[in-house]
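Biologist: I would like a close look at a single part of this model. Please keep it brisk, and set that part in its surroundings.

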Amino acid sequence: MRDIYLRLHDVGMTFEGQIGGQDGLKSWLTRRFFRDPATPQRYRVEALKGINLDINQGERVGLMGLNGAGKSTLLKVLAGIYPPTAGLVERRGHVCPMFEFATGFEMNQSGWDNIRIRGLLLGMPQDEIESKLQEIAEFTELGEFLSYPVRTYSSGMFIRLAFAVSTSINPEILLLDEVMAAGDIRFAEKAKKRMVEFMEQGKILVFSSHNTELLSTFCERTIWLDKGQVVADGPTKEVTAIYRSMAAQ
Amino acid sequence: MQAMPQLLSDSWQSLRVWRVWMFLGVQDIKARFRRSAIGPVWILLNMSLFVVGAGVLYGVLINQPMKVLLPYLVTGFALWGFVVSSLTESGWAFVNAEGYIKQFCYPKQIYLMRTLVSSTIILLITLPAIIPIQLFFRSFSIVGWLLAVPGLFLLMLAVLGHITVCAYLGVRFRDLPHAANGLLQVAFFVTPVMFPAKLLQERHLALIYQVNPFYYLLEVARHPILQGELAAPETYAFAGLYILLVWVFAGLVARSLDSRVVILL
């Protein structure tokens, strides 16, 4: 069996752009040809700085940190969605990202077709999708609504659909971004159960959460991020203890 | 630095997951006609109306026999639509896929292929409209259609190049699809689509189509369909040269923007 791993060497991620207005053709031309001193102010955010990580098969890793600490950015770099602006990412294994449940739908197509599209984009083979279709549909409890175009759905219904598809695949590397709270009370119970099963399947699990209890249940190792840098990386118990004492101050 | 190898391996991986972009492309077409009663027949209907209207009027204006002009118009118009969509609509290829690009791991080139699939399907719906017209005028030639295959293949290569350029630039410069639309309207009038190239030649304006790459792109497919023979070798050569230039440009654009697409979205 092949090894599955995630390795980051000195990874940095910097976002640059223009504050206010459109960074379009006009400003590109002025910057390029006129060196216009009056160009609008530009921003530069270092979302991640010098991250070195080594996550091996069988590890369950939690990500902690305040809002804006770089947790989501790090997950997207791990997934290969953001190409890092510095450093190197090595990745072996099929990545299953679960970042957003509210976007990535074809609004005019039915729930059924959206299940198929989502399944494909998550890397499920077509015949596997067809064979799991009924099971996924049952889990969503959307019934006849699945034949309706999804633009008629409420936000809760979107979450049900996306959640059901995402958790039906066999993940190797599972990346989760604060996704435990899904849907209404009834669905949330069910989702939690399924999520637990699902997370246990992943050969590598990285997930971000503010819930220290959740982190200690799932992860032996936790990484604490602050301002795009790793503050602490170690056994969950120790890291959460420091985090708590720091947050209390 | 290492942008090019990354780009190549991403593109290769995209080609391997052809099932994904095929499915997405077909879904796009289905979605477009989902709530219309006659669906894709609208494309045919619109084109027939245009061709009958314009054909009759132009036939009188430029004094061309219907037998020649009608098949010429339909062919040219169908192929032209294919080229236009690759330079305008494809500017939204990444923009429309934002929700996907930001949360799924597939290389984004699959959204270029998806655009190619859906516009090729539209072409495949419109092209057969030529056949009844050719049958009516007894000018149908199965050999000609077969000989058009290499030309159509070249055309698809060019279109994929266009899609790549426009999709990447469309993310950076959102005005681009609108600008392209305007420019192509001008191009439409100087490209032999509505009138035969011969007409320009007779008035010593041959240069207008000779320096127009779109003319060669259309001719490699149109000439065999209409004449039942391969187009002139230099036509293929010019089309090939243009494709090469477009692909080089596409490679440069993709290399400089590939890593920034997801951030610019």
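How many of the eleven residues of H3(A) are buried?

Modeller: Nine of the eleven are buried, so H3(A) is mostly covered. Keep in mind that this is a predicted model.

Start with the names. The buried residues of H3(A) are A:Gly111, A:Asp113, A:Asn114, A:Ile115, A:Ile117, A:Arg118, A:Gly119, A:Leu120 and A:Leu121. The list holds A:Asp113 and A:Arg118 alongside A:Ile115 and A:Leu120.

Next, the cover. It comes from both chains. Chain A contributes H4 and H5, among others, to what covers these buried residues. Chain B contributes H2, H6 and H7. Just after H3(A) comes A:Gly123, with a positive phi near 95°.

Take the chain A side, through H5. A:Leu161 sits in this helix, which runs over residues 155–166. A:Leu161 is buried because its relative accessibility is 1%, against a cut-off of 20%. Setting aside neighbours within four places in sequence, A:Leu161 touches three of the buried residues of H3(A): A:Gly111, A:Asn114 and A:Ile115. Its other contacts are A:Phe105, A:Thr140, A:Leu142, A:Leu146 and A:Tyr153. One of these, A:Thr140, belongs to helix H4 (126–140) of chain A. A:Asp113 is not in that contact list. The C-alpha atoms of A:Leu161 and A:Asp113 are separated by 11 Å, with their positions 48 residues apart along the chain.

Now the chain B side, through H2. This helix covers residues 18–33, which makes 16 residues. From first C-alpha to last it reaches 23 Å, close to the 22 Å expected at 1.5 Å a residue. Its buried residues are B:Val20, B:Trp21, B:Phe23, B:Leu24, B:Gly25, B:Gln27, B:Ile29, B:Ala31 and B:Phe33. They pack against H3 (111–121) and H4 (126–140) of chain A. Within chain B, they pack against H1 (3–16), H3 (41–61), H6 (98–101) and H7 (109–126). H6 and H7 of chain B thus appear twice: they pack against the buried residues of H2(B), and they help cover those of H3(A).

The two chains differ in make-up. Chain A has eight helices and nine strands. Chain B has 15 helices and zero strands. Buried residues make up 49% of the 249 residues in chain A and 55% of the 265 in chain B. For contacts at a separation of 6 or more, pairs at least 24 apart account for 74% in chain A and 77% in chain B.

The surfaces come next. Chain A has an accessible surface of about 12200 Å², with 51% belonging to carbon and sulfur atoms. For chain B the surface is about 12800 Å², and the carbon and sulfur share is 70%.

Last, the overall form of chain B. Its radius of gyration is 19 Å, which agrees with the value near 18 Å for a compact globule of 265 residues. The C-alpha trace spans about 55 × 45 × 35 Å along its principal axes. Chain B carries 18 positive and 10 negative charges, and their mean positions are 7 Å apart.

To return to the part you asked about: H3(A) is mostly covered, and its cover includes helices of both chains.

Note on methods
Residues are numbered from 1 along each chain as its sequence is written. Chains are lettered from A and ligands numbered from 1 in the order in which they are written. This is a predicted model: local features need pLDDT of at least 70, side-chain atom pairs count only at pLDDT 80 or more; totals for chains, interfaces and linings use all residues. Side-chain values use heavy atoms; hydrogens and water are left out. Helices (H or I, at least four residues) and strands (E, at least two) are DSSP runs, numbered from the N terminus. The radius of gyration is taken over C-alpha atoms; the globule rule is 2.2 Å times the number of residues to the power 0.38. Buried means under 20% relative accessible area, exposed over 50%, partly exposed in between (1.4 Å probe, protein chains only). Contact means heavy atoms within 4.5 Å. Accessible areas come from the Shrake-Rupley method with a 1.4 Å probe; for residues, only the protein chains shown count as cover. Lys and Arg count as positive and Asp and Glu as negative; His and the chain ends are not counted. The place of a charge is taken as NZ of Lys, CZ of Arg, CG of Asp or CD of Glu. The expected span of a helix is 1.5 Å times one less than its number of residues.
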